[in-house]
Amino acid sequence: MYARRRRRYFALMGLCLLLFVGAGAFVRLWSVPLAIGMCLVAMVIPPVAAVVANRREPHDRWWDEDDRWWGGSGPR
């Protein structure tokens, strides 16, 4: 469960790094507006990656969850 979220996070951050490096090293030689666009897209990825990494999945049990208050129907 945590490994899946960690893989998603690192995949998104790897994509972010690839976009930044690719825009600065290669794409700017052909098209500066495209390189700027790639940097803008890469700028949005880290917050999205943080949300994806912290999103609760249906089978997760979190630290502040207490079954007494929710009827005891949660997974164990």
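The exercises below work through a predicted model, each with a task and a stepwise solution.

Residues are numbered from 1 along each chain as its sequence is written, and side-chain values use heavy atoms, with hydrogens and water left out. Because the model is predicted, local features need pLDDT of at least 70 and side-chain atom pairs count only at pLDDT 80 or more, while totals for chains, interfaces and linings use all residues.

**Exercise 1. Overall make-up**

Task: State how many helices and strands the protein has, and what share of its residues is buried.

Solution. Step one is the secondary structure, where helices (H or I, at least four residues) and strands (E, at least two) are DSSP runs, numbered from the N terminus. On this basis the protein has 2 helices and 0 strands; the helices are H1 (2-25) and H2 (32-54).

Step two concerns burial, for which buried means under 20% relative accessible area, exposed over 50%, and partly exposed in between (1.4 Å probe, protein chains only). Of the 76 residues in the protein, 22% are buried.

Step three takes the contacts (heavy atoms within 4.5 Å). When contacts between residues at least 6 apart in sequence are taken, 53% join residues at least 24 apart.

**Exercise 2. Pairs across the sequence**

Task: For Arg-5, Arg-6, Gly-14 and Ala-25, find the helix in which each lies, and give a C-alpha distance to a residue further along the chain.

Solution. Begin with Arg-5, which is found in helix H1 and is buried, with a relative accessible area of 5%. Arg-5 and Asn-54 are separated by 49 residues in sequence, yet their C-alpha atoms are 7.7 Å apart.

Continue with Arg-6, also in helix H1, which is partly exposed at a relative accessible area of 48%; from Arg-6 to Val-52 the sequence separation is 46 residues and the C-alpha to C-alpha distance 9.1 Å.

Next, Gly-14 belongs to helix H1 and is partly exposed at 36%, with Ile-45 lying 31 residues away in sequence and 9.9 Å away in space, C-alpha to C-alpha.

Finally, Ala-25 lies in helix H1, is partly exposed at 34%, and has its C-alpha 9.4 Å from that of Ala-35, 10 residues apart in sequence.

**Exercise 3. The two cysteines**

Task: Explain why Cys-16 forms no bond with the closest cysteine sulfur.

Solution. First, recall that a disulfide is a covalent bond between the sulfur atoms of two cysteines; the criterion applied here is a pair of cysteine sulfur atoms within 2.5 Å. Second, the closest cysteine sulfur to that of Cys-16 belongs to Cys-39 and is 9.2 Å away, which is too far for a bond. Cys-39 is accordingly in no disulfide, and the count comes to 0 disulfides.

Third, consider the surroundings of each residue: Cys-16 is buried, with a relative accessible area of 5%, whereas Cys-39 is partly exposed at 27%.

**Exercise 4. The aromatic pair**

Task: Classify the geometry of the 1 aromatic pair in the structure.

Solution. In general, a pair of aromatic rings is described by the distance of the centres and the angle of the planes. Rings of Phe, Tyr and Trp (its six-membered ring) pair if their centres lie within 6.5 Å, and planes under 30 degrees apart count as stacked, over 60 as edge-to-face and the rest as tilted. The structure holds 1 such pair. Its rings are those of Tyr-9 and Phe-10, with centres 5.5 Å apart and planes at 70°, so the pair is edge-to-face. As to accessibility, Tyr-9 is partly exposed at 30%, while Phe-10 is exposed at 54%.

**Exercise 5. The nonpolar surface**

Task: Determine which helix gives the most residues to the nonpolar patch.

Solution. Start from the whole surface: the protein exposes about 5900 Å², of which carbon and sulfur atoms supply 70%, with areas from the Shrake-Rupley method and a 1.4 Å probe, only the protein chains shown counting as cover for residues.

Then apply the patch rule, which takes residues with over 30% relative accessible area and no salt bridge, joining like charges within 9 Å and nonpolar side chains (Val, Leu, Ile, Met, Phe, Trp, Tyr) within 5 Å; a salt bridge is a side-chain nitrogen of Lys or Arg within 4 Å of a carboxyl oxygen of Asp or Glu. The nonpolar patch covers about 820 Å², and its members include Leu-17, Phe-20, Ile-36 and Met-43. Phe-20 is found in helix H1 and is partly exposed, at 37%.

Last, assign the patch to helices: H1 and H2 each supply at least two residues, and H2 gives the most, with 6 residues.
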